[in-house]
Amino acid sequence: MERDLLDRITWYIPLLLSLTVHEWAHAWTAWKLGDDTARMLGRVSLNPIVHIDPVGTLLLPLIGIPFGWARPVPINPVRFRHSVSMPLGVVLTAAAGPISNILIGMVCVLLVVSLPIIWPTAAAETLPAVIELLSFTTMINVLLALFNMIPIPPLDGSRIVESLVPQGWRSLWNQFCSLGPFLLVGILLLPFAGINLLERPMQWVVHLLNSVSAMHSAGH
Amino acid sequence: MGQRLKTGLIWFFLLVLLLIVLVNRGNRTREEDEFRSVIFVENDAAIAAVEAGDIVGWRTQHGTLQLVGSEGYVLVCRDSDQTAVRKALVDNAVLPDFEQDRISETSGDRSYIYWILLPLLFFGLLYFFIKRSGSTTNNIFELRKSKARAINEQDKVRFADIGGNRAAVEMLQDLVDFLKEPKRWTDVGARIPRGILLVGPPGTGKTLLARAVAGETNAAFYYTSATEFVEMFVGVGAARVRDTFENAGKNQPAVIFIDELDAIGRTRSSGMGTMHEEREQTLNQLLVLMDGVERFQRVVVIAATNRADVLDSALMRPGRFDRVVRLHAPTETDRIEILRIHTRSKPVAQGLTMETIARHVQGLTGADIEAVLNEAAIVAVRRSRRSNDGEPVAIQEDDVIQAVEDLRKGNRVFNRLDSVLVESVTQFAEPTGRAVARVKTVNGTVIEGDVVWMNATHIKLRTSDADVVVAKELAETIEAIEGTELASDGDFVPDAWTRPNLDVG
């Protein structure tokens, strides 16, 4: 049990960081595009507490699932600057979250590569742990980015699609939106049924990480 | 800055925690990894290890025989027939090992953890989506809650704050007495009215009276408007009525004030049609609750309406709203009284008597008089600022005349305009659309042009040669000619007064 708890802390903190940065990126982008709705609500902040969602950020990790979501950031497209069109603004704001996760993932990979250079004195027993941590952070961020780009409401991907849907397809899209929650629950339950949609991309990430750390231990 | 510091501290703390855990876990994993090393062996190898004295214990798990080595490894016998190994164990006096291995523990239990996790996850998600998607209905669980608000201490009003309406105050005095000392009334077997209906034109002090009842008795005062009982969903109104009474019942003595009773209290229709089903349900619930359930002993309902003529007669039955208090525009003496109350905090110039002011505010209701005095005070301040003679500001007769004039004028102009059209035009005065309006002034001039902007008092039109600002006061009619951005396309004739929907996301 004690070990389990320690395990959870090691993945919960990077997860919390990723979720916080994700929401912060939404809020920050909206703010930079002229919509201060989120800023007024204090959401342009890296403080994890303002972004916590009771279920997605606390309950899910508590029951041991290394996955989650945070409180969505409200945006008001009408308040965007006139130099950006409303659909473009929505696309940028929605994409900011997943993009931030990709960036975090890239930074982590870079850290793994450069670890022996920036921390040559690392103890032999802590180094694998740190690499493991960074690898996990990369994976969780790629997972978050991919998951959020699924075009099912209320995920970020759906916001992007929504802005790009032509006028004539609107009603069809709205019908699809009303099914959104069910589809999402379905997708979240798929892994339990043995179908893992994100398996391929995740495998790719694992391969990348493996080859990177292999290169690293070869150089050691 | 404080926010940043807090954020920084939180992440610093989390980082330190992470480092501590990492370092501790680093050591731990190594030990356990060694402990975990599992070697599958044939019977011969197992027997050799036992005889060499390397085995400290044995156990059976999932039908396999496992030998725990002295250096932490575990030998698992691969052969199905293990009698020879067991015999060797007995011969070498190796004892069974009862300490359970961690790996087998988790792998064995995993299946049922998922059975707990799955429903938890499912309900968690469901909860999440109900909360998320319920933006329009706010919260489905809150819907049936009454919206009645209790009035807090500092907003309390007393009978002394009411000018005029003597008859009404007298009648309500009985009620106050009952709420204060119910015994005096119950001893003689008197049944106090459960409901009082205040009827009178707007601004005559219905709400004020009800609040005064609460203020005098120190009773809990629940203010609600009957319109709040009207909702999209059938049964919600009735549930809210129940909830209001439930709340009041908990804080007896209590006064429930229902404003605009006519919203639910209209005569119930007979026969066909489910149009008014919801309203009637709400009304029925109210009637039932008022019919004297014991636990609402000291709950009094005061309702106000300015449409007593449309009320259902069942509302006026004994035990319900059986007392009707009619309020009317104040008489001369009433007005003086009202003026006294409202000038308490306002300096009035020497020589300006209440009687004089009262003459000027003839025909106005209490609320109007309050507005006039407020306006007069504003006018007085403005005047003193202009003259800047250093004299203390006081309301003078001219200020009152000015104020009455201002307010009357405002009302008159407003009434004359076709308010529907004004609304339409103002909607299009918003930056996105183009609207054309035709204004006919009192002296007969007609100005037609694009609406540039419009506010409460003026409208600016762009005609073919110039921009004209027209005071609404001078407008006889404002007519809307066309609107919407699409109107210029010429493809189709849009409904000029529908606004393009701007809701996105």
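## Helix packing and cores in a two-chain model

In this predicted model, helix α2 (residues 43–51) of chain B and helix α3 (residues 83–91) of chain B have axes that come within 9 Å and cross at roughly 0 degrees. An angle under 35 degrees counts as roughly parallel, and α2(B) and α3(B) are therefore roughly parallel to each other. The residues that meet in this pair are B:Asn43, B:Ala46, B:Ile47, B:Val50 and B:Glu51 from α2(B), and B:Ala84, B:Val85, B:Ala88 and B:Leu89 from α3(B).

Chain A offers another helix pair, in which helix α5 (residues 86–118) of chain A packs with helix α7 (residues 156–164) of chain A at an angle of about 160 degrees, their axes being 8 Å apart. That angle makes α5(A) roughly antiparallel to α7(A), since angles over 145 degrees count as such. The crossing of α5(A) past α7(A) is left-handed. On the α5(A) side the meeting residues are A:Pro87, A:Val90, A:Val91, A:Ala94, A:Ala95, A:Gly97 and A:Pro98, and on the α7(A) side they are A:Asp156, A:Arg159, A:Ile160, A:Ser163 and A:Leu164.

### The two chains

Chain A has nine helices and zero strands, and from its N terminus on its elements run α-α-α-α-α-α-α-α-α. Buried residues make up 36% of the 220 residues in chain A. Among the contacts in chain A between residues at least 6 apart in sequence, 71% join residues at least 24 apart.

Chain B has 15 helices and 15 strands, and of its 505 residues 27% count as buried. For chain B, residues 24 or more positions apart account for 71% of the contacts with a separation of 6 or more.

### Nonpolar cores and helix α7 of chain B

In soluble globular proteins, nonpolar side chains tend to be buried together. The largest nonpolar core here holds 49 residues, of which B:Leu198, B:Ala210, B:Val213, B:Val255, B:Ile256, B:Ile302 and B:Ala303 touch the most other members. Helix α5 (residues 166–180) of chain B supplies the largest share of this core, seven residues. A second, separate core has 42 residues and includes A:Ala38, A:Ile140, A:Ala145 and A:Val205.

Helix α7 (residues 206–217) of chain B is mostly covered, with 10 of its 12 residues buried. Among them are B:Lys206, B:Arg211 and B:Glu216, along with B:Leu209, B:Ala210 and B:Val213. The elements covering the buried residues of α7(B) include α5, β6 (195–199), β7 (220–225), β8 (254–259) and β9 (299–305) of chain B. At 1.5 Å a residue, the 12 residues of α7(B) should span 16 Å, and because its end C-alpha atoms are 17 Å apart, the two values agree. The residue that follows α7(B) is B:Asn218, whose phi is positive, near 60 degrees.

A positive phi also appears at B:Glu260, a residue other than glycine, where the value is near 50 degrees. B:Glu260 lies in the loop between β8 and α9 (262–265) of chain B.

### Partly exposed residues

The table gathers residues that count as partly exposed, with the number of other C-beta atoms within 10 Å of each.

| Residue | C-beta neighbours within 10 Å |
|---|---|
| A:Val185 | 16 C-beta atoms |
| B:Asp177 | 15 C-beta atoms |
| B:Glu260 | 18 C-beta atoms |
| B:Asn374 | 14 C-beta atoms |

A:Val185 has its place in helix α8 (residues 170–189) of chain A, and, not counting residues up to four places away in sequence, A:Val185 touches B:Phe122 and B:Leu125. Its contacts thus link a residue of chain A with residues of chain B.

B:Asp177 is found in helix α5 of chain B, and its C-alpha atom is 7.8 Å from that of B:Thr217, although the two residues are 40 residues apart in sequence. B:Thr217 is itself one of the buried residues of α7(B). B:Asn374 is found in helix α13 (residues 366–387) of chain B, and its C-alpha atom is separated by 8.7 Å from that of B:His342, which is 32 residues apart from B:Asn374 along the chain.

Terms used
Residues are numbered from 1 along each chain as its sequence is written. Chains are lettered from A and ligands numbered from 1 in the order in which they are written. This is a predicted model: local features need pLDDT of at least 70, side-chain atom pairs count only at pLDDT 80 or more; totals for chains, interfaces and linings use all residues. A nonpolar core is a set of buried Ala, Val, Leu, Ile, Met, Phe, Trp, Tyr and Cys residues joined through C-beta atoms within 7 Å. A residue is buried if 20 or more other C-beta atoms lie within 10 Å of its own, exposed if 12 or fewer, and partly exposed in between; C-beta atoms are placed from the backbone. Helices (H or I, at least four residues) and strands (E, at least two) are DSSP runs, numbered from the N terminus. Two residues are in contact if their C-beta atoms, placed from the backbone, lie within 7 Å. The expected span of a helix is 1.5 Å times one less than its number of residues. Axes are lines fitted to C-alpha atoms, for helices over the stretch in contact, and angles run from 0 to 180 degrees between N-to-C directions. Angles under 35 degrees count as roughly parallel, over 145 as roughly antiparallel, 65 to 115 as roughly perpendicular and the rest as oblique. A crossing is left-handed if the near helix is turned anticlockwise from the far one by less than a right angle, and right-handed if clockwise.
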